[in-house]
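I opened the notebook to record what I looked up, entry by entry. The sequence and structure come before my notes.

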Amino acid sequence: MNKAEIVIIGGGVVGASVAFHLTERGYRDVLILERANVQGTGSTGAATGGVRAQFETDINIRMSLYSLDFLKNWEFDCEYEPKGYLFFATTKDQLEYLKANTERQRELGVRGVSPVDVDAIKEIVPGLHCEDIVGGVFGKQDGFVNPLAIMRGFTEAALRNGAKIEFNCDVTSLISQQGKIIGVETSKGRIDCAGVVVCSGAWAREIAATAGINVPVEPQRRQIVWARTEEPIDPHLPMVIDIGSGFHFRPARDFRGGTFDTEREVLFAYPDPDERSGFDTDFNEGFIDKVYAHARHRAPFLADSIVLREKCRAGLYENTPDHHAILGGCDVDGLYLAVGFSGHGVMHSPATGRALAEIICDGRARFIDVSCLSLDRFNKGELLREAAFI
Ligand SMILES: Cc1cc2nc3c(=O)[nH]c(=O)nc-3n(C[C@H](O)[C@H](O)[C@H](O)COP(=O)(O)OP(=O)(O)OC[C@H]3O[C@@H](n4cnc5c(N)ncnc54)[C@H](O)[C@@H]3O)c2cc1C
């Protein structure tokens, strides 16, 4: 293992998808380097598995549309559950924003998404406190998938096609010569290659910097509270999101193989404004009170739930300044980036893999124009604007 045509740094869901799509395009000598001894120890293993086409920007909507379609029709079972996403608003401005997004989503081909009034919201989420809610939007095709199943599916298919994966292999630096990638230095020695795709999630900035490339990806802890309700929850409960505060909850699923009660267990969270950038992934007890302050107001069935402390968790979001991914090449020839998903990397992994394979093989992504996600948007001041992130 001292040579490969293309090296992929990181064996999470994104690296696995890029490897799969490259091998589908005929590449055989694709090598995934993963510093852990198994896959799924990064953000992919912490993800809760939400998938939605309800975004603001065209690029996010298109990436979701393509990816949802792919996941529904793929040979591999991703455990897609179309339970829906309900965004609700507590001000008129928020509601107008959500409705405008819905119109654009429909124009771009999203089906089953529509505004809902307060009575409809009460039916979708029995027991929700709706006095301060002015309306919302509901997307029926949105829902849940199993992030680890997607990662495994891509990996198995890539390995079947001839790709390889090396564990316990930490990439310590990129090696370039005259502005062109020629290899990587790793904890197991040097590997020569003609191309590198950085898929190292929250850890992308450090490795790209070794080739002199500034990749503005900031790691930020995201915590999830796991609880059991007293009464069984509605079996049709979707993902429910307050667009104002970002507080959200959904029925729980344990993708790591643990047992859970599908009738009573829920996950809830919100983007904690006190959270700073950093690599800390310890769950902080103080977060429980903060989340319950929202839960108490929003629904008695959440307020009365019991925290399952051993199941609460934290992982890293990989935020960019405009909360959109960075896809494509950069000033170093042969160096490609698939990073900065800002909390949407699982749901966008199919489109990402295909985009990177097309960029590497054809010079640009043809199935969707992803040029607005290039790294140079930050230098050019062409940042995207999306407020519907959580
Ligand atoms: C709590 C939480 C909830 C989330 N919920 C959702 C959701 O509902 N839907 C959704 O779409 N997304 C969600 N996300 C975001 C999603 O998890 C990520 O966007 C996605 O997993 C990114 O995948 P990745 O493969 O890029 O990164 P990772 O899964 O982090 O994989 C990167 C891999 O690179 C390896 N690596 C890093 N540096 C090196 C190196 N130098 N050498 C070798 N290997 C290296 C790491 O060990 C890791 O395995 C959530 C994230 C969190 C934290």
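**Entry 1: strand pairing.** Before I looked at the strands I wrote down the rule: two strands pair if DSSP finds at least two bridges between them. The model I am reading is a predicted one. I then looked up strand S1, residues 6-9, and strand S2, residues 30-33, and found that they pair in the parallel sense over four bridges. Within S2, Leu-31 is the bridge partner of Val-7.

**Entry 2: the other partner of S1.** I looked up strand S12, residues 195-198, and noted that S1 pairs with S12 in the parallel sense, over four bridges. Here Ile-9 stands opposite Val-198 of S12.

**Entry 3: the link from S1 to S2.** I looked up helix H1, residues 13-24, and recorded that S1, H1 and S2 make a β-α-β unit, which is right-handed.

**Entry 4: the faces of S1.** Are the residues on the two sides of S1 buried or exposed? I found Ile-6 and Ile-8 on one side and Val-7 and Ile-9 on the other, and all of them are buried. Both faces of S1 are therefore covered, given that a residue counts as buried if 20 or more other C-beta atoms lie within 10 Å of its own.

**Entry 5: the nonpolar core.** I looked up the largest nonpolar core and found 119 residues in it. Val-7 and Ile-8 are among those with the most contacts inside this core, and so are Ala-19, Val-196, Val-198, Leu-337 and Ala-338. H1 gives the most to this core, with seven residues. The core also draws at least three residues from each of domain 1 (6-46 + 148-217 + 321-380) and domain 2 (83-141 + 219-317).

**Entry 6: around Val-198.** Which residues is Val-198 in contact with, leaving aside its neighbours within four places in sequence? I listed Ile-9, Ala-204, Ile-207, Ala-208, Leu-337, Ala-338 and Val-339.

**Entry 7: positive phi.** Most residues other than glycine have a negative phi. I looked for residues that depart from this. Asn-168 has a positive phi, near 55°, and lies in the loop between strand S8 (164-166) and strand S9 (171-177). Asn-168 has 13 other C-beta atoms within 10 Å, so I entered this residue as partly exposed. Gln-178 also has a positive phi, near 45°, and lies in the loop between S9 and strand S10 (180-186). I entered Gln-178 as exposed because it has 6 C-beta neighbours inside 10 Å.

Terms used: Residues numbered from 1 in each chain as written. Predicted model: local features only at pLDDT ≥ 70, side-chain atom pairs only at ≥ 80, totals over all residues. Buried ≥ 20, exposed ≤ 12 C-beta atoms within 10 Å, placed from the backbone. Right-handed = clockwise from strand over helix to strand, strands pointing away. Core = buried A, V, L, I, M, F, W, Y, C linked by C-beta atoms within 7 Å. Domains from an automatic or database assignment. Contact = placed C-beta atoms within 7 Å.
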